[in-house]
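Welcome, and thank you for stopping by to explore a protein model. Let us walk through it together, starting with the whole and then visiting a few places in turn.

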Amino acid sequence: MANNSLLTAVYNQYLMTYAPHTQKSDAKLDSHKKSELRSVCNTIAKMNKEAPLYILDRSEESRNFAVSAKEGARDLQRTILSTTGNAQNALFDTKVAFSSDENVLTATFIGDHSAEDEAPTLEVEVQSLASPQVNLGWSLEKDALEMTPGEYSFDINIGGMGYEFQYSVGEEDTNFDIQKKLSRLINHANIGLESTVVEGEDNTSALRIQSTKVGVSMGQTGPLFTISDDKTSKQSGSVDYFGIDYIAKEAANAHFLVNGEESSASSNHFTIAKTYEVQLNGVSPEPEQGVTIGLKPNTEALQDTVRTLIGGYNHFVKAIDTVKNGKHRSERLTQEVKNISKFFGSDLDAIGVSRGEDGTLSVDDTKLRQAAEGENMKELFQPVQDFTKALYRKTESVALDPLNYINKTIVAYKNPGHNFNSPYVTSNYTGFLFNSYC
């Protein structure tokens, strides 16, 4: 029990002393495959095999700097991986689907992002949209009514379900009054139908009923809905009187050409080639005039990525540049990191990222947006990708051996060619965490 309490105290001390300046950890980025852990172990073993024996400066300042440098490096690694994915891959290839005419259709990429380069560019010509079934009643004089007052009802069959609608006709009611009453009944029933009263110019009105569903599903025969009062429970006659069983327009599927090949869909929202999710908004304005859909760089995501990376870089530089008391070699690490940004200085400046006297970077949003939306975007941002990879390699080095940046006295060099692994060298760093408890 005493040992458990000690370990808990050490862990809490570690978190409270070194972790507050780091970002919230991402469990996915802090978990690793067995092969990745094996690679880290092999790298440490190889590094220790050739390392000389030395005595470390075990002052509190050196201990704090070593742990802070390691956590700062891991923090920057998390920033890089969370914004750009695998640092070994192309970091700025995030793409989004585009449509050359969004009045005709819009597109969303739903394919595998790892295979974006293989996504096809398609030419789509929309010949007709998927449409609902529309029933249009008789145009009747609004202020008249030739129905006998009483209780009426009619039945609607839709989707294999039957619904009865009952209503009453009063002495003072008019055609327009009853039409509005029936329209409200149908809309409030929420059975997949929408109804409106269409008013004519000659003081007439008609009841319009249409399905919310468009197109005809595979295997479906007959209309989407039917209206009758042959076997209704109340008085019949209202269907014939208002003419609401008349199908003015049958439901129809969307018809379009994809790269010249005819195709159809029972909806205006569908997928093509398991790559694009398409929403049809209109018909192509001219025959044989297609809409191009494909992938283009996501300029907004690209700008956000650059801002996040620059923020992570500045955070790391400031963190390792805070302690300058001569008992460790923070200046060396600071200079190495700043030299990376200095090497890419002119390239970064081309996209609006400038370097200050203290080595930190700042972003000109206007210049960054212009670079991201320019025709030579890929050429301009290639150095940023290289800059990010260089940063990642440096953080890997610091995370593996933060003791390389504190003062230490070499005791003896190993015999070349007859060395052996010395895993306890790495435990010096671990010992820093327990130093105050032993």
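The protein contains 12 helices and 20 strands. What you have in front of you is a predicted model, so please read every value here as computed from that prediction. Of the 438 residues in the protein, 39% are buried. The accessible surface comes to about 24,500 Å², and carbon and sulfur atoms account for 49% of that surface. The contacts also say something about how the chain folds back on itself: among contacts in the protein with a separation of 6 or more, 74% are between residues 24 or more positions apart.

Let us begin with the strands. Strands of a sheet pair through backbone hydrogen bonds, in either a parallel or an antiparallel way. One open sheet here is built from three strands in the order 3-16-15, with antiparallel pairing. Its edges are strand 3, residues 105-109, and strand 15, residues 269-272, each of which pairs on one side only. From one strand to the next, the twist averages 25 degrees. To see one of the pairings up close, find strand 3 and strand 16 (residues 276-280), which are joined in the antiparallel sense by five bridges. Within that pairing, T106 has Q279 in strand 16 as its bridge partner.

Another pair of strands is worth a visit. Strand 9, residues 193-199, and strand 10, residues 204-211, run antiparallel and are joined by seven bridges. One of the residues to look for is S195, whose bridge partner in strand 10 is I209. Strand 9 and strand 10 make a hairpin, with four residues between them. In the turn of this hairpin sits N203, which has a positive phi of about 60 degrees.

Now let us turn to the outside. Which residues form a nonpolar patch on the surface? They are L136, V198 and Y246, and together they have about 260 Å² of accessible area. L136 belongs to strand 5, which spans residues 134-136. With a relative accessible area of 34%, L136 is partly exposed. A residue needs over 30% relative accessible area to join such a patch, and L136, at 34%, is therefore above that cut-off.

For a contrasting place, look at I351, in the loop between helix 9 (345-349) and strand 18 (353-355). Is I351 buried or exposed? I351 counts as buried, because its relative accessibility is 0%. Leaving aside residues up to four places away in sequence, I351 touches K367, L368, A371, L380, F381 and V384. T366 is 15 residues from I351 along the chain, and the C-alpha atoms of T366 and I351 are separated by 9.4 Å.

Our last topic is charge. Side chains of opposite charge can pair when their charged atoms come close. The count of salt bridges in this model comes to eight. One of them joins the side chains of D304 and R307, with a distance of 3.0 Å from N to O. Why are D304 and R307 separated by about one helical turn? The reason is that they are three residues apart in helix 7, which covers residues 299-320. D304 is partly exposed, with a relative accessible area of 42%, and R307 counts as partly exposed at 30%.

R307 has a further partner, D365, and the closest N and O atoms of this salt bridge are 3.1 Å apart. This pair links distant parts of the chain, as R307 is in helix 7 and D365 is in helix 10 (residues 365-373), 58 residues apart. D365 counts as partly exposed, at 40% relative accessibility. Put these pieces together and you have a network of salt bridges that links D304, R307 and D365.

Helix 10 also takes part in another salt bridge, in which the side chains of K367 and D349 meet at 3.8 Å from N to O. Because K367 lies in helix 10 and D349 in helix 9, the pair ties together parts that are 18 residues apart in sequence. K367 counts as partly exposed at 32% relative accessibility, and D349 does so at 38%. K367 should be a familiar name by now, as K367 is one of the residues that I351 touches.

Notes
Residues numbered from 1 in each chain as written. Predicted model: local features only at pLDDT ≥ 70, side-chain atom pairs only at ≥ 80, totals over all residues. Heavy atoms only, no water. Patch = residues over 30% accessible without salt bridge, like charges linked within 9 Å, V, L, I, M, F, W, Y side chains within 5 Å. Areas by Shrake-Rupley, 256 points an atom, 1.4 Å probe, with all protein chains shown as cover. Salt bridge = Lys/Arg side-chain N within 4 Å of Asp/Glu carboxyl O. Helix = DSSP H or I, 4+ residues; strand = E, 2+ residues; numbered from the N terminus. Buried < 20%, exposed > 50% of the residue type's maximum accessible area, 1.4 Å probe, protein only. Pairing = 2+ DSSP bridges. Contact = heavy atoms within 4.5 Å. Axes fitted to C-alpha atoms, helices over the stretch in contact; angles between N-to-C directions.
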